[in-house]
Amino acid sequence: MVFDDLEEAYKVYNDYAYKTGFDIRIGNTKYSTTRNVPKDTILNRVFECVHTGKTADATQGTRNIKDDAAKVLDSTVDMSSFAAEKLAKDKGMQMDLTDTRQRNRLLRYDCKAHMHVGKRNGAWTVTVFTEEHTHPMVKQLGRRRYYRSHRKVPEEDFQLLQTLHNQNITTAQIMSCLGNVRCGDLRTLGYVKRDVSNIRTMLRDEVSLRDMSLTIEYFEKRKAESPSFLYATQLDENNVVRALFWVDGRTRSLYPKYKDCVFFLHYLLYQ
């Protein structure tokens with residue numbers, strides 16, 4: 001099998017992994033060491049299963065129990081939580097005072113499945129392909145999207161997501177619309193609700209960083225439509241807008257008649 005570039009090779013192998021039910025990553029990459037050749041020139045690359053390698057317990061071997069016990073005895077004991085534990089027991093409650101966060105752990109099965117590509121005559125050619133895995137495949141389609149290489153938002157979905165976001169639609173409704181576009185099943189999406197929420201946060205941050213430039217752009221548009229429209233900005237030493245003033249043509253025409261006016265608004269509240 002021959003590819004035009006490494007991106008195409010990665011995409012083909014990743015699509016094969018999604019259909020089969022496993023995740024991939026980029027393994028070893030060999031660069032050119034020839035003179036007069038850029039150092040970032042790649043000669044070959046390995047795409048491998050994420051379950052490649054062995055677990056830490058298997059590589060470290062049998063642990064020394066006596067050394068572990070000595071470390072526990074020599075370590076200082078934290079007495080700060082004992083009073084809280086005793087108070088909880090007296091009240092008949094069970095409190096979890098541990099401040100630990102559970103993290104996802106990727107299991108290693110010493111899997112040998114991989115695809116090795118090298119550059120031959122200007123094209124990337126598959127030189128080694130190992131198909132056998134040492135672990136079970138993920139059969140459920142809805143769970144395959146949780147793998148890192150498969151969890152992504154396609155460009156066409158991103159464009160639709162951005163359009164729906166600009167209409168102030170909720171994240172749940174956006175997920176429903178994207179699922180309807182993809183044959184009406186959310187499990188066929190290559191991402192989850194959290195990914196959509198993160199993208200919406202990114203879009204909001206972009207707008208918040210561009211709010212002043214959008215305001216100035218709107219004022220320039222108003223000034224082109226009405227020459228009597230006036231606005232002025234005050235910048236600080238960092239060239240950041242600190243103050244903004246604007247007035248439309250109608251207000252400027254009324255100023256010679258009324259000058260500065262102070263309005264007193266009085267509201268009557270009836271109970």
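Helices (H or I, at least four residues) and strands (E, at least two) are DSSP runs, numbered from the N terminus. The model is predicted: local features need pLDDT of at least 70, side-chain atom pairs count only at pLDDT 80 or more, and totals for chains, interfaces and linings use all residues. Residues are numbered from 1 along each chain as its sequence is written, and side-chain values use heavy atoms, with hydrogens and water left out.

**View 1. Asn121 has a positive phi in the loop between S4 and S5**. Its phi is near 55°, and the residue is not a glycine. Most residues other than glycine have a negative phi. With a relative accessible area of 86%, Asn121 is exposed (buried means under 20%, exposed over 50%, partly exposed in between; 1.4 Å probe, protein chains only).

**View 2. Asp110 combines a positive phi with a salt bridge to Lys112**. Asp110 lies in the loop between helix H4 (82-90) and strand S4 (114-120), and its phi is near 55°. The side chains of Asp110 and Lys112 are 3.2 Å apart, N to O; a salt bridge is a side-chain nitrogen of Lys or Arg within 4 Å of a carboxyl oxygen of Asp or Glu. Asp110 is partly exposed, at 27% relative accessible area. The structure holds three salt bridges.

**View 3. Glu48 and Arg25 form a salt bridge between strands S3 and S2**. The N to O distance is 3.0 Å. The pair links distant parts of the chain, with Glu48 in S3 (residues 42-49) and Arg25 in S2 (residues 24-31), 23 residues apart. Glu48 counts as buried because its relative accessibility is 14%, whereas Arg25, at 28%, counts as partly exposed.

**View 4. Lys11 and Asp15 form a salt bridge in helix H1**. Their closest N and O atoms are 3.1 Å apart. The two residues are separated by about one helical turn, because they are four residues apart in H1. Lys11 is exposed at 52% relative accessible area, and Asp15 is partly exposed at 32%.

**View 5. His135 makes a polar contact with His133**. The contact joins the two side chains at 3.3 Å; a polar contact is a pair of N or O atoms within 3.5 Å, and within protein one must be able to donate a hydrogen and the other to accept it, while residues adjacent in sequence count only if both atoms are side-chain atoms. His135 is in the loop between strand S5 (123-130) and helix H5 (141-144). At 7% relative accessibility, His135 is buried.
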